[in-house]
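Q: Could you take a close look at one part of this model for me? I'd like to hear about the charged pairs and where they sit in the fold.

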Amino acid sequence: PESDVYHSIAVSPDGGALVVAGGNKIRQVKVDTGELTSLAGSGEAGDADGMGGAAEFNGTGCVAISPDGTVLFVVDNRNHKIRRVEVATGA
């Protein structure tokens, strides 16, 4: 089930977006408009690489963003992994 609890927030290098991890999804919030976009994760617990909603996480934790803002690094707690997500594609 999808959770309303977000475990981590990262700010894009330009300050224009927030990236939040929780509920087995990675989402982006545009600061100026409040627009919410799902970048990666189906919301179901699992362990699958894929683009956008085809990806599955099991206990999203901390999220960090690369200095150039193109890559996210997400702790996938119950899969014991650090996952890489491309911001542009969600892959």
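**The salt bridges and their setting**

A: Let's start with Asp76, which counts as buried at 0% relative accessibility. Keep in mind that this is a predicted model. Asp76 has a charged partner: Arg83 forms a salt bridge with Asp76, and the closest N and O atoms are 2.6 Å apart. Arg83 is buried too, with a relative accessible area of 7%. The cut-off behind that word is under 20% relative accessible area, so the 0% of Asp76 falls within it.

Arg83 has a second partner. Its side chain also meets that of Asp49 in a salt bridge, at 3.1 Å from N to O. Here the pair ties together parts that are 34 residues apart in sequence, because Asp49 lies in the loop between strand S4 (36-40) and strand S5 (60-65), while Arg83 belongs to strand S7 (residues 81-86). The surroundings of these two are opposite in kind: Asp49 counts as exposed at 67% relative accessibility, whereas Arg83 is buried at 7%. Put the two pairs together and you get a network of salt bridges that links Asp49, Asp76 and Arg83.

The structure holds four salt bridges, and another of them joins the side chains of Arg84 and Glu86, at 2.9 Å from N to O. Glu86 is partly exposed, with a relative accessible area of 29%. As a general point, side chains of opposite charge can pair when their charged atoms come close.

Now for the fold around these pairs. The chain has zero helices and seven strands, so to speak a plain β-β-β-β-β-β-β when you read along the sequence. S4, the strand before the loop of Asp49, belongs to an open sheet of four strands in the order S1-S2-S3-S4, with antiparallel pairing. Strand S1 (8-11) and S4 stand at the edges with a single partner strand each, so one side of each is left without a neighbour in the sheet. From one strand to the next, the twist averages 25 degrees.

Working back through that sheet from S4, strand S3 (residues 25-30) pairs with S4 in the antiparallel sense over four bridges. In that pairing, Ile26 has Ala40 of S4 as its bridge partner. On the other side, S2 and S3 pair over six bridges, again antiparallel, and Ala21 stands opposite Ile26 in S3. The hairpin of S2 and S3 has two residues between the strands, and Gly23 takes a positive phi near 60 degrees there.

Strand S2 (residues 17-22) is mostly covered, with five of its six residues buried. S1 and S2 pair in the antiparallel sense over four bridges, and Ser8 stands opposite Ala21 in S2. Their hairpin has five residues between the strands, and in it Gly15 takes a positive phi near 75 degrees.

Stepping back to the whole chain, 42% of the 91 residues count as buried. The radius of gyration is 12 Å, which agrees with the value near 12 Å for a compact globule of 91 residues. Along the principal axes, the C-alpha atoms fill a box of roughly 30 × 25 × 20 Å. Among contacts with a separation of 6 or more, 29% come from residues 24 or more positions apart. As for the surface, the chain exposes about 4900 Å², and carbon and sulfur atoms supply 55% of it.

Conventions
Residues are numbered from 1 along each chain as its sequence is written. This is a predicted model: local features need pLDDT of at least 70, side-chain atom pairs count only at pLDDT 80 or more; totals for chains, interfaces and linings use all residues. Side-chain values use heavy atoms; hydrogens and water are left out. Buried means under 20% relative accessible area, exposed over 50%, partly exposed in between (1.4 Å probe, protein chains only). Two strands pair if DSSP finds at least two bridges between them. Axes are lines fitted to C-alpha atoms, for helices over the stretch in contact, and angles run from 0 to 180 degrees between N-to-C directions. The radius of gyration is taken over C-alpha atoms; the globule rule is 2.2 Å times the number of residues to the power 0.38. Contact means heavy atoms within 4.5 Å. Accessible areas come from the Shrake-Rupley method with a 1.4 Å probe; for residues, only the protein chains shown count as cover.
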